[in-house]
Amino acid sequence: MSTEKLILTDDLKLGDGNHKIVYAHPTDKNLCVKILFTTPDTDFDREMKYRAALGKKVEKMTLLTKYFGEVETNKGKGYLFERIIDFDGSNSKTLLEHIRNPKNIDDLIELLLNFKKVFINEKFVAAGMDPDNFLVQRISENERQIKIIDNIGTSAKFPILYYSDFLMAKRARKYWKRFVKEISIEYSNVITKDIAKILNER
C-alpha cells in the first residue's frame, strides 16, 4: 500500500452505485480510485477472489480491467484500477448506450459479435450481464474493445469452476445466451429476433 495519501475532491467524481463511489485519480488520467461504502463488501470480495484464482492468467484477459492495489485517501481506503477512457481522452461509453442509440445497426452487430468472441475465448466469469457494466473503449479511430467493470466472479462459496477451463467455458456460453435473451426483450426495437439469432449462432 502506498504511504502517500491521495486527496480526492468532488470534481474528480466519476460515478457511484450501491456499493462504492469512483473517482478519477488526481494525477494519473489512466487510473481511477474506488471507495467502498462498507467493508467487507460482497461484490468487491467476489471480484478479488476471482482475480486471485486466475493468477497470471489475469494479465492476458482483455475484458478485465487492471487492478493496482490499495491506496490511502482523504476519504479512507481506496482501490486503484485502470480507468477506461478512449484514445482521445474522453470517457468510454457503456455498451448500454450503444444498444439504446445505435448509430448503425451493422456496426452494433459487429461490436456484439466481437464481444462474444472475446467473452467466450477468455471464459469470463460474470455475476451478471448488465450492459451498463460493460464499457466500449475506442483504442483508435477504428478499433474498439470492451471492458467489464462490475459484477465480476461468482457468488459460490467454493467456486471450483475457477479451476476448470471446461466449466468456465460452459458458464460463459450460458451467460452469453442469457445476455442476448435479456437485451432482445428489453431492447426489442433494436435487438430483433433475427439479430438475436445471429448473436447466438455466429
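Are E47 and R51 buried or exposed? In this predicted model, E47 is buried and R51 is buried as well, and the legends below begin with this pair before turning to other close-up views.

**View 1. A salt bridge within helix α1 joins E47 and R51.** The closest N and O atoms of E47 and R51 are 3.0 Å apart. Both residues belong to helix α1, where they are separated by four residues, or about one turn of the helix. Neither partner is exposed, since each of the two counts as buried. The E47–R51 pair belongs to a total of 10 salt bridges in the model.

**View 2. The largest cavity is lined in part by helix α1 and strand β4.** The count of cavities of 30 Å³ or more comes to one, and the largest cavity holds about 60 Å³ of space. Its lining is made up of H19, K20, K34, L36, D41, D43, F44, E47 and D150, so that E47, seen in the previous view as a partner of R51, appears here again as a lining residue. At least two lining residues come from β4 (31–36), and at least two from α1 (42–54), with α1 giving the most, namely three residues. By residue class, the lining divides into six charged, two nonpolar and one polar.

**View 3. D165 and K57 form a salt bridge between distant parts of the chain.** The side chains of D165 and K57 meet with an N to O distance of 3.3 Å. D165 lies in helix α4 (residues 165–186), whereas K57 lies in the loop between α1 and β5 (67–73), and the two are 108 residues apart. D165 is partly exposed, at a relative accessible area of 40%, and K57 is likewise partly exposed, at 43%.

**View 4. K147 and E82 form a salt bridge between two strands.** The closest N and O atoms of K147 and E82 are 3.9 Å apart. The pair links distant parts of the chain, with K147 in strand β9 (residues 144–148) and E82 in strand β6 (residues 76–82), 65 residues apart. K147 is buried, with a relative accessible area of 4%, and E82 is also buried, with a value of 16%. Elsewhere, D86, D88 and R138 are joined into one network by salt bridges that share partners.

**View 5. F115 and W176 form an edge-to-face aromatic pair.** The structure holds 13 aromatic pairs. In the pair of F115 and W176, the ring centres are 5.5 Å apart and the planes meet at 75°. Because F115 lies in helix α3 (residues 105–121) and W176 in helix α4, this pair ties together parts that are 61 residues apart in sequence. F115 counts as buried at 3% relative accessibility, and W176 is buried with a relative accessible area of 1%. Both residues also belong to one aromatic cluster, which is formed by Y50, F115, F119, F124, F134, Y162, W176 and F179.

**View 6. Charged side chains sit over the rings of F81 and Y175.** K34, which is also one of the residues lining the largest cavity, lies over the face of F81 at 4.1 Å from the ring centre. In the second example, the charged end of R178 sits over the ring of Y175, at 4.3 Å from its centre.

Terms used
Residues numbered from 1 in each chain as written. Predicted model: local features only at pLDDT ≥ 70, side-chain atom pairs only at ≥ 80, totals over all residues. Heavy atoms only, no water. 1 Å grid on protein atoms, 1.4 Å probe; cavity = no way out; pocket = protein on both sides within 12 Å on 5 of 7 lines; lining within 4 Å. Points joined across faces, edges and corners; volume = space filled by probe spheres on them. Nonpolar A, V, L, I, M, F, W, Y, C, P; charged D, E, K, R; others polar. Salt bridge = Lys/Arg side-chain N within 4 Å of Asp/Glu carboxyl O. Buried < 20%, exposed > 50% of the residue type's maximum accessible area, 1.4 Å probe, protein only. Phe/Tyr/Trp six-rings, centres within 6.5 Å; stacked < 30°, edge-to-face > 60°. Lys NZ or Arg CZ within 6 Å of the ring centre and 35° of its normal.
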